[in-house]
Amino acid sequence: MPDEVVHWMGEDSPRVIVDGTYGGGGHSRLLLDTLPPGEGHLIGLDRDPLVSQRVESEQHDPRLNVFLGSYEKIPKALQAMGLSAADAVLLDVGLSSDQLADTTRGFSFAVDAPLDLRFDPEFGTPASDWLAWKREEEIANAIYQYGEERCSRRIAREIIARRRREEPVRTVNDLVEVCRRCVPRPKNHDIHPATRTFQALRIVVNDELGIMERTIKAAPDWIAPGGRLVVISFHSLEDRIVKNAFRDDDRWEILTKKPIRPADAEVHANPRARSAKLRVARRIADPNQS
Ligand SMILES: C[S@@+](CC[C@H](N)C(=O)[O-])C[C@H]1O[C@@H](n2cnc3c(N)ncnc32)[C@H](O)[C@@H]1O
């Protein structure tokens, strides 16, 4: 949602911009153009080490600094730059197109690979290990809750049955095969039977919802009064976290009563954008401070 991001991030002419999910840097490049020439800062963060490796090999604007790490670490990144607060912060969560095209970490179920699904392979548990030691009920609940997959119980049962046969789910193809067996192909819809299960496991192994909740709750501490937080989410649970966090803290003024959705032309060009929802809030002065 590039036009919407530039509009909602740029309205108050911010000087310290943070892109918490740098990815391919598409939004950051547009946001850099909104800074006055030679002035301001754009701080990028991404949890994927391939992002920072790529940025290091590129020639870039001296106003841009990209850090390897979760957007939960935004206050540390600000501190490292000698700054105390941000004027506009963007979180555009989920998978980048580079990650989808990556054939080694399991993000694309079109290509067989170890079932890893971590953004940063240095931290946490690969999805295959998670499936190797969790109980059936826990697996089913995660697939149901984070993937909204109605066949979650059947899938979990099949995963456990494979474990018992000593054929545990280790690879993308193993999990795709389980999903194909358990999920009936929908009639009018061409969503792949494994889509929801992969999404659920990615959310779990990266603690995506926990990080989002903690970060948005803390954000009024490091967004300057008058500054903005813009969040693009792709999952109803994520959108609920954003909506509730904005509603429950009286240091936020909600600028989007309803989430902004991508234009039809964008969804047509990029079908993955179809579930995107953008919400914006402005950090108001602390009501307890006179
Ligand atoms: C949808 S892409 C962002 C695309 C980016 N806005 C652009 O214009 O290219 C999401 C990115 O967020 C990153 N990511 C996911 N969770 C993160 C987190 N907790 N902290 C930092 N980056 C994260 C992913 O590695 C991925 O590169």
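## A tour from the ligand to helix 8

Start by selecting Asp 92 together with the ligand: a polar atom in the Asp 92 side chain sits 2.8 Å from a ligand nitrogen atom. With the ligand in place, the protein covers 92% of the 600 Å² of accessible area that the ligand has on its own. Keep in mind as you go that this is a predicted model.

Next, add Asp 46. Here an N or O atom of the side chain is 2.7 Å from an oxygen atom of the ligand. Then show the backbone of Gly 25, where a polar atom lies 3.3 Å from a ligand oxygen.

Now bring up the whole shell. Which residues come nearest to the ligand? Among the 22 around the ligand, they are His 27, Asp 46, Tyr 71, Asp 92 and Gln 99. If you colour the shell by residue class, you should find six nonpolar, 12 polar and four charged residues.

From there, move along to helix 8 by selecting residues 152–164. Its 13 residues reach 18 Å from the first C-alpha to the last, close to the 18 Å expected at 1.5 Å a residue. Show the side chains of Ser 152, Ile 155, Ala 156, Glu 158, Ile 159, Ile 160 and Arg 162, which are buried. What do the buried residues of helix 8 pack against? Select helix 6 (127–133), helix 7 (136–147), helix 9 (172–182) and helix 10 (195–205) to see these partners.

For a last stop, click on Glu 166, which follows helix 8. The phi of Glu 166 is positive, near 60°.

Note on methods: Residues numbered from 1 in each chain as written. Predicted model: local features only at pLDDT ≥ 70, side-chain atom pairs only at ≥ 80, totals over all residues. Heavy atoms only, no water. Helix = DSSP H or I, 4+ residues; strand = E, 2+ residues; numbered from the N terminus. Expected span 1.5 Å × (residues − 1). Buried < 20%, exposed > 50% of the residue type's maximum accessible area, 1.4 Å probe, protein only. Contact = heavy atoms within 4.5 Å. Near = heavy atom within 4 Å. Polar contact = N/O pair within 3.5 Å; in protein donor to acceptor, adjacent residues only side chain to side chain. Areas by Shrake-Rupley, 256 points an atom, 1.4 Å probe, with all protein chains shown as cover. Nonpolar A, V, L, I, M, F, W, Y, C, P; charged D, E, K, R; others polar.
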